[in-house]
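User: I'm new to this one and would like to go through the pockets and a few helix pairs. Could you take me through the reasoning as we go?

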Amino acid sequence: MPRATVARIDLAAIRHNFGLARQFAGGARAMAVIKADAYGHGIARVARTLAPDATCFAVACIEEALAIRDAGLAHPVVLLQGVHAAGDMATCAAQNFEPVLHSGYQLDWLAAQAAGPAFWIKVNTGMNRLGFRPAELSRVMAVLAGRKSAFLGFVTHFAASDEMDNDATRQQTAVFADAVAPWPDAELSVANSAAHFRDGQPLFTRSRPGIMLYGASPMAERNGSDLGLQPAMSLESNLIAVRTLAAGDAVGYGAAWRAERETPMGIVAIGYADGYPRHAGNGTPVWVKGHRAALIGRVSMDMLAVDLSAVPDAREGDPVELWGRNVSVDEVARCAGTISYELLTGVTARVPRLYHGG
Ligand SMILES: *Cc1c(COP(=O)(O)O)cnc(C)c1O
């Protein structure tokens, strides 16, 4: 018998969330962002699930785009980081991949192609990671004019769209609109998931929903369910030991938690080698048999401990949900000082993905 530790993936939830993304996007067509193995959910299954509704997909790199082809799908795929080697331009052209070009060396690689791929240009409006500054655009576009490759449009990325009262998004939007105004026929894409939830935010012609497809919240301090999203991943395990701690007993490495009174305690067969965050603190909620129990002590490589005071009838073998419908991955992320993105993409290969709702 295998361990009970699994990630159950609800494909119907992903379809629901994509429907919501399209609804919020209004006239903008959605690129479904399925990089990083579809945020840990499995790129082939997620791509096939969204294929009937998605006009195109977006990934970080060419390996991920090829995984979509391996899944038997012919959709255009946007490469959000462009390409990492000159030879990949020809692969893009042959495979209908659309690189987002962000640096001069990528323009040179494109120019070296007789017939390169259709491509996007990244504009740096204040994130200051990748892209050409607005003042550089006319030179970039002049270099590209007359090439056989088709220019599709401009992309920019927001630095703080998850923070409702941060004005940076409005400023970046204004810088972008101004920078691209000389090319009125270009497609325009700004919207990560968070931008979908900002009142009055223009999404232009193409949206790029990522985290929201998986049901986690793109907005700081909110849970996915507050936004109408359905969690796609349920990370589950079970109790493999139940015991009673005496007052004064410590639990786990470093004796980092000590019982103040007699305490029923359970050991769950999941740890940081499965992707459960080691930095999740005492009190992080863990769903045990219909109740919220509290994580205690340090998370080990293969197990963690919970205080079962709230679950008096807990027995060995009982099911545990680490995150999913009952405990939001957003809440666990806050308890671990991180974001849902890191938790979802961090579930390791040791955890089998089991699919339903397809
Ligand atoms: C990952 C990514 C997205 C999706 O962001 P979410 O916050 O997950 O919606 C959109 N655009 C770019 C450029 C990205 O790298």
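User: What is the volume of the second largest pocket?

Analyst: This is a predicted model, and in it the second largest pocket has a volume of about 180 Å³. Its lining counts 21 residues, and the closest to its centre are Pro231, Gly324, Val327, Ser328 and Val329.

User: Why do you say that the second largest pocket lies between domain 1 and domain 2?

Analyst: Look at who supplies the lining. Domain 1 (11–218) and domain 2 (233–356) both give residues to it, so the pocket lies between them. Among the elements, α9 has the largest share, with three residues.

User: How do the residues of that second lining divide into nonpolar, polar and charged?

Analyst: There are nine nonpolar, eight polar and four charged residues in the lining of the second largest pocket.

User: And what about the largest pocket: what volume does it have?

Analyst: About 830 Å³. Lining it are 37 residues, and Lys35, Tyr39, His157, Asn192 and Tyr341 are the closest to its centre. Two or more lining residues come from each of α2 (35–40), α9 (329–335) and α10 (340–345). The element that gives the most is α9, with three residues.

User: Which domains does the lining of the largest pocket draw on?

Analyst: Domain 1 (11–218) and domain 2 (233–356) each supply at least three residues. By type, the lining of the largest pocket has 19 nonpolar, nine polar and nine charged residues.

User: On to helices. What makes α4 and α5 roughly parallel?

Analyst: Set the angle against the cut-off. The axes of α4 (residues 62–70) and α5 (residues 88–95) cross at roughly 25°. Angles under 35 degrees count as roughly parallel, and therefore the label fits α4 and α5. Their axes come within 12 Å, and the crossing is left-handed.

User: Then why is α1 called oblique to α3?

Analyst: Helix α1 (residues 11–25) packs on helix α3 (residues 43–50) at an angle of about 55°. Roughly parallel needs an angle under 35 degrees, and roughly perpendicular runs from 65 to 115. About 55° fits neither of those ranges, so α1 is oblique to α3.

User: How far apart are the axes of α1 and α3, and which handedness does their crossing have?

Analyst: The axes of α1 and α3 are 10 Å apart, and α1 passes α3 in a right-handed crossing.

Definitions and conventions:
Residues are numbered from 1 along each chain as its sequence is written. This is a predicted model: local features need pLDDT of at least 70, side-chain atom pairs count only at pLDDT 80 or more; totals for chains, interfaces and linings use all residues. Side-chain values use heavy atoms; hydrogens and water are left out. On a 1 Å grid over the protein atoms alone, a cavity is a set of points where a 1.4 Å probe fits but cannot get out, and a pocket is an open set with protein on both sides within 12 Å along at least five of seven lines; lining residues have an atom within 4 Å of a point. Grid points are joined across faces, edges and corners, and a volume is the space filled by probe spheres set on the points. Helices (H or I, at least four residues) and strands (E, at least two) are DSSP runs, numbered from the N terminus. Ala, Val, Leu, Ile, Met, Phe, Trp, Tyr, Cys and Pro count as nonpolar, Asp, Glu, Lys and Arg as charged, and the others, Gly among them, as polar. Domain bounds come from an automatic or database domain assignment. Axes are lines fitted to C-alpha atoms, for helices over the stretch in contact, and angles run from 0 to 180 degrees between N-to-C directions. Angles under 35 degrees count as roughly parallel, over 145 as roughly antiparallel, 65 to 115 as roughly perpendicular and the rest as oblique. A crossing is left-handed if the near helix is turned anticlockwise from the far one by less than a right angle, and right-handed if clockwise.
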